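Got the viewer open? Let's take a short walk through this one, selecting a piece at a time.

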Amino acid sequence: MNRLNGIPATALIEPAAHPTITVIRARPGPSLDAVLEVRRRVFSDEQGMVDGRVTDQDDGRGVHALAYWDQTGRAEPVGTGRLILGAGDRGEALVSWVATLPEARRHGVGREIMRFLIDCAEASGAPLVALAAQTHAELFYRKLGFVGTGRAYLVRGVEHRWMVRRNYRHSLRQSG
Ligand SMILES: CC(C)(COP(=O)(O)OP(=O)(O)OC[C@H]1O[C@@H](n2cnc3c(N)ncnc32)[C@H](O)[C@@H]1OP(=O)(O)O)[C@@H](O)C(=O)NCCC(=O)NCCS
């Protein structure tokens with residue numbers, strides 16, 4: 001077998017079966033630029049949900065998660081999501097802009113992004129996390145503890161439904 005410094009040559013070019021996934025909080029600069037690039041590729045180019053506008057008025061106060069995966073020894077940004085704390089009257093948190101690049105889907109990237117945002121919401125004491133799910137992704141969110149609420153509605157022809165996830169640690173604190 002061809003070897004380079006003791007490493008089988010194939011290990012350097014073949015993607016790892018289980019890529020390492022790391023989620024960070026993105027800040028203004030290169031990491032936030034990477035967040036916007038993922039949004040652009042998914043919500044603008046792929047889905048046509050936005051007309052090239054991949055920012056909104058809440059970005060300045062959001063917690064932005066950026067997921068990297070490392071398949072070949074080089075970490076690449078592949079997913080994102082945003083959390084707004086104190087979005088509702090009762091301190092509810094709101095998640096939006098959740099996306100994984102098509103080539104990185106079904107490897108656990110979205111789950112790690114959501115866990116990062118849920119942990120952040122729970123640590124801040126938010127009683128509930130809400131999001132407007134595209135209904136094709138409802139099962140993804142259900143697996144993370146979200147439940148659907150209300151009727152489905154259309155945004156640009158894409159069906160959505162509100163989903164919520166209670167912070168049980170918060171509920172226990174309130175009742176205890
Ligand atoms: C929805 C999305 C973020 C999921 O990201 P992902 O990185 O593929 O998700 P994961 O690999 O972490 O999946 C976690 C679990 O959810 C499941 N899952 C993921 N996408 C799913 C889908 N569309 N339908 C049903 N189940 C899904 C996975 O199979 C996995 O299940 P498991 O824990 O039993 O193995 C991704 O498909 C995406 O970016 N879609 C386009 C943008 C979009 O629609 N965003 C949501 C806006 S509300």
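Which residues are closest to the ligand? Select Thr100, Arg105, Gly110, Arg111 and Leu139: these are the closest of the 19 residues that surround the ligand. Keep in mind that you're looking at a predicted model.

Now colour the elements that give two or more residues to that shell: strand S6 (93-100), helix H3 (109-123), strand S7 (128-134) and helix H4 (138-142). Colour the shell by residue type, and you'll get eight nonpolar, seven polar and four charged residues.

Next, zoom out to the whole protein chain, with its five helices and nine strands. Of its 176 residues, 27% are buried.

Time for the sheet. Select seven strands in the order S3-S4-S5-S6-S7-S9-S8; they form an open sheet with mixed pairing. At the edges sit strand S3 (20-26) and strand S8 (147-155), each pairing on one side only. Look along the sheet for its twist, which averages 25° from one strand to the next.

Zoom in on S7 and strand S9 (residues 158-166): they run antiparallel, joined by seven bridges. For one pair to click on, try Ala130 and its bridge partner in S9, Val164.

Last stop: the helices on the sheet. Show helix H2 (residues 30-46), which packs there and touches S3, strand S4 (63-70), strand S5 (75-84) and S6. The direction of H2 makes about 90° with that of S5. Then bring back H3, which also packs on the sheet, touching S3, S4, S5, S6, S7 and S9. For H3, the angle with the direction of S5 is about 35°.

Terms used
Residues numbered from 1 in each chain as written. Predicted model: local features only at pLDDT ≥ 70, side-chain atom pairs only at ≥ 80, totals over all residues. Helix = DSSP H or I, 4+ residues; strand = E, 2+ residues; numbered from the N terminus. Buried ≥ 20, exposed ≤ 12 C-beta atoms within 10 Å, placed from the backbone. Near = placed C-beta within 6 Å. Nonpolar A, V, L, I, M, F, W, Y, C, P; charged D, E, K, R; others polar. Pairing = 2+ DSSP bridges. Axes fitted to C-alpha atoms, helices over the stretch in contact; angles between N-to-C directions. Contact = placed C-beta atoms within 7 Å.
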